[in-house]
Amino acid sequence: MKEKVERLDTIFKKYHGFRHEIIDAKFREYGLGFCQPPILKYLNDHENATQKEIAEHLHVTQPAIAKSLKKMEESGLIVRLENKKDTRCHKLKLTKKGKEIMNFADDYFLNIDNITYTGFTEEEIELLTSFVERMNENLMSFRKKEENDV
C-alpha cells in the first residue's frame, strides 16, 4: 500500500507541476502570476468582493491576497472602492482590462482542461472527482483535528 500511495503522490505532484508550469508561462506574458487568474475569476463572479472573501474562497492568507491585489491594482486590472459600511475594508472590482484578461484566462483554462482530460469519459471524470473530493475531505478533517489538539 505504501508504495502505491507514494506513486500516486508523485503522480499528483507531477500533474500539479506540469499544469503550474504551462499556466505560469502563459500568464507571465500578460504580467500575471499563477494565483491572479483565480482572483480575476472570483471578482468577475462576485463583484464588489472584499480581500477577506477572496482569501477565504481561495483558501489562502489575507497577506498573500493583499500582495496579489496590489500588483493587480498597479497593472490596472482592479480598482478598490470605498466601503461605506466599513472604511477599513475596500470593495474590489474588475476594470475593463481586468475583464478582458479574465475572459482570456477562462478560455485558456478551458483549453488546458480539455487537453488534460482528453480520452476520459464523463464517468471517469466524475469518478476521479469523487476520489479527489474524498481525499480533500479526509485532509480537512485531519486539519480540524490537529487544530483542536493544539
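1. Helices, of at least four residues, and strands, of at least two, are DSSP runs that are numbered from the N terminus. With that in mind, asparagine 48 can be placed in the loop between H2 and helix H3, the latter covering 51-58. The model discussed in this note is a predicted one, and asparagine 48 has in it a positive phi of about 70 degrees, although this residue is not a glycine. Its relative accessible area is 30%, and asparagine 48 is therefore partly exposed, since that class lies between the buried limit of under 20% and the exposed limit of over 50%.

2. A second residue deserves to be read beside asparagine 48. Histidine 59 is likewise a residue other than glycine with a positive phi, here near 60 degrees, and its place is the loop between H3 and helix H4, which covers 62-74. With a relative accessibility of 67%, histidine 59 counts as exposed, because the limit for that class is over 50%.

3. The next points concern charged side chains. Side chains of opposite charge can pair when their charged atoms come close. In the whole structure, a search finds 10 salt bridges, and one of them joins lysine 13 to aspartate 9, with the closest N and O atoms 3.1 Å apart. Both residues belong to helix H1, which spans residues 2-28, and they are four residues apart, or about one turn of the helix. How exposed is each partner, lysine 13 and aspartate 9? Lysine 13 is exposed, with a relative accessible area of 56%, whereas aspartate 9 is partly exposed at 37%.

4. Helix H1 also takes part in a salt bridge that reaches another helix, for the side chains of arginine 19 and aspartate 113 meet at 3.1 Å, N to O. Arginine 19 lies in helix H1 and aspartate 113 in helix H5 (residues 96-116), so this pair ties together parts that are 94 residues apart in sequence. Aspartate 113 has a relative accessibility of 26% and counts as partly exposed.

5. In helix H2, which spans residues 36-45, lysine 41 and aspartate 45 are four residues apart, about one turn of the helix, and their side chains meet in a salt bridge of 3.5 Å, N to O. Both are partly exposed, lysine 41 at 33% relative accessibility and aspartate 45 at 45%. The pair should not be read in isolation, however, as Lys41, Asp45 and Asp106 are linked in a network of salt bridges.

6. Nonpolar side chains also appear at the surface, where Leu8, Ile11, Phe12 and Met135 make a nonpolar patch of about 310 Å². Which element gives the largest share of this patch? That share, three residues, comes from H1, while methionine 135 is found in helix H6, which spans residues 122-149. Methionine 135 is partly exposed, with a relative accessible area of 33%.

7. A last point concerns threonine 95, which sits in the loop between strand S2 (91-94) and H5. Is threonine 95 buried or exposed? Threonine 95 has a relative accessible area of 18% and is therefore buried, as the limit for that class is under 20%. When its neighbours within four places in sequence are left aside, threonine 95 is in contact with Gly76, Leu77, Ile78 and Val79.

Technical notes: Residues numbered from 1 in each chain as written. Predicted model: local features only at pLDDT ≥ 70, side-chain atom pairs only at ≥ 80, totals over all residues. Heavy atoms only, no water. Salt bridge = Lys/Arg side-chain N within 4 Å of Asp/Glu carboxyl O. Buried < 20%, exposed > 50% of the residue type's maximum accessible area, 1.4 Å probe, protein only. Contact = heavy atoms within 4.5 Å. Patch = residues over 30% accessible without salt bridge, like charges linked within 9 Å, V, L, I, M, F, W, Y side chains within 5 Å. Areas by Shrake-Rupley, 256 points an atom, 1.4 Å probe, with all protein chains shown as cover.
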